[in-house]
Amino acid sequence: MPQSRKLFDRPGETDLVAVDRALAEFRAARPVLLRHGAELALALSAELAEADLTGRLDSLSAGNTRLVLSSARLRRLGAKGRAETGILAMPTIDLARVETLALKLDARVDAPVGPAGALDNAALELARLALVLPAVILVPVQAAQVAGEPLIEVSIDAINGYRAAQVARLAIVGRAPVPLEGAPETEFVVFRGGEGLRDQVAIIVGKPDLSTAVPVRLHSACLTGDLFGSLKCDCGDQLRETVQWMAENEGGILLYLDQEGRGNGISNKMRAYKLQSQGWDTYDADEVLGFDLDQRHFDFAAAMLKQLGVSSVTALTNNPLKIGAIKAAGLEVAATQRVLGRPNVHNVRYLASKRDRAGHFIDMDALMARAAPKD
């Protein structure tokens, strides 16, 4: 006889629900049970680990625990040229050692770095999705050891497919006119999906002609710059000047994407800012924390544009990554246009780093001329 479906099953969303629940557990410093075929392992955020819990995990590990670290962090620990995730054996879970290897500036690799397997890479992806440091304590277990325990179990296929699944379920959940200073004819359109449990917003300024190349900016949220006017970046200037330019011309669309700190999250952004205050370059600061140049994904942004009826864009950006992502998603980039901020003593190194390290199209001479006092 065919097996009856459970009352609250949601066909096609079982994996999404499992990852959503796993992310909540992971961010709450509780272990998540990862499955890869017959292999099982408990994954715990290294930055959130507490002594009582790790002591209990130690009792299950039989000395097989490992610390999973990103290639970026391993390079900072002295594994020169490292391009892949790696693991360090932990015969016992030593929280002082975990903190040193995951966070300390002067730390160095203290054991051979082993190759990461499928479980290790999925655990690190779970950490990235949860917006915590990319460092995970992984404890291999047998099913009998955790039977009856209140654990969220999730397959590595569900974790690895989560971002694409979120893009596929992207949907408009609300829209309304929101007049802005200098741009009174503006509509906010809210999308659910795309990036985990976060909502995304499209700001339609004026009445852009969708039959031609629409001026579009993909703008990643920056709490410090957009809201508080931080002098450490040019984000707030780019946001407000883009909206103003669209209002004064023939309209356009600004996508406000919840990807704080180049996709690292606000807590890690503040950690990076602390390092920058000590003299580190913005990208070096991120690498110290275990992040590569940019963790952002823009496929869901292209999906937002498609749902709004956009097929061709004039990309208002200095970032070649955004241009490539729009093209890769099947939209035409008919033209590009630079978006200049205002340089100051606090952000000039940051702007130069974006140009030199990430290939942003930034003309520093033009920026400095813009900042020069007018007669």
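I looked first at Asp120, which forms a salt bridge with Arg66 (a side-chain nitrogen of Lys or Arg within 4 Å of a carboxyl oxygen of Asp or Glu), with the closest N and O atoms 2.6 Å apart. The pair links distant parts of the chain, Asp120 in helix 5 and Arg66 in strand 3, 54 residues apart, where helices (H or I, at least four residues) and strands (E, at least two) are DSSP runs numbered from the N terminus. Both Asp120 and Arg66 are buried, a word that stands for under 20% relative accessible area, with exposed over 50% and partly exposed in between (1.4 Å probe, protein chains only).

I noted that this is a predicted model, in which local features need pLDDT of at least 70 and side-chain atom pairs count only at pLDDT 80 or more, while totals for chains, interfaces and linings use all residues. Residues are numbered from 1 along each chain as its sequence is written, and side-chain values use heavy atoms, with hydrogens and water left out.

Next I looked up Asp292, which forms a salt bridge with Arg75, the closest N and O atoms being 3.1 Å apart. Asp292 lies in the loop between helix 13 and helix 14 and Arg75 in helix 3, so the pair ties together parts that are 217 residues apart in sequence. Asp292 is partly exposed at 34% relative accessible area, and Arg75 is partly exposed at 26%.

I then found both residues in a network of salt bridges that also links Arg76, Asp281, Asp284, Glu287 and Arg357. For the model as a whole, I recorded 21 salt bridges.
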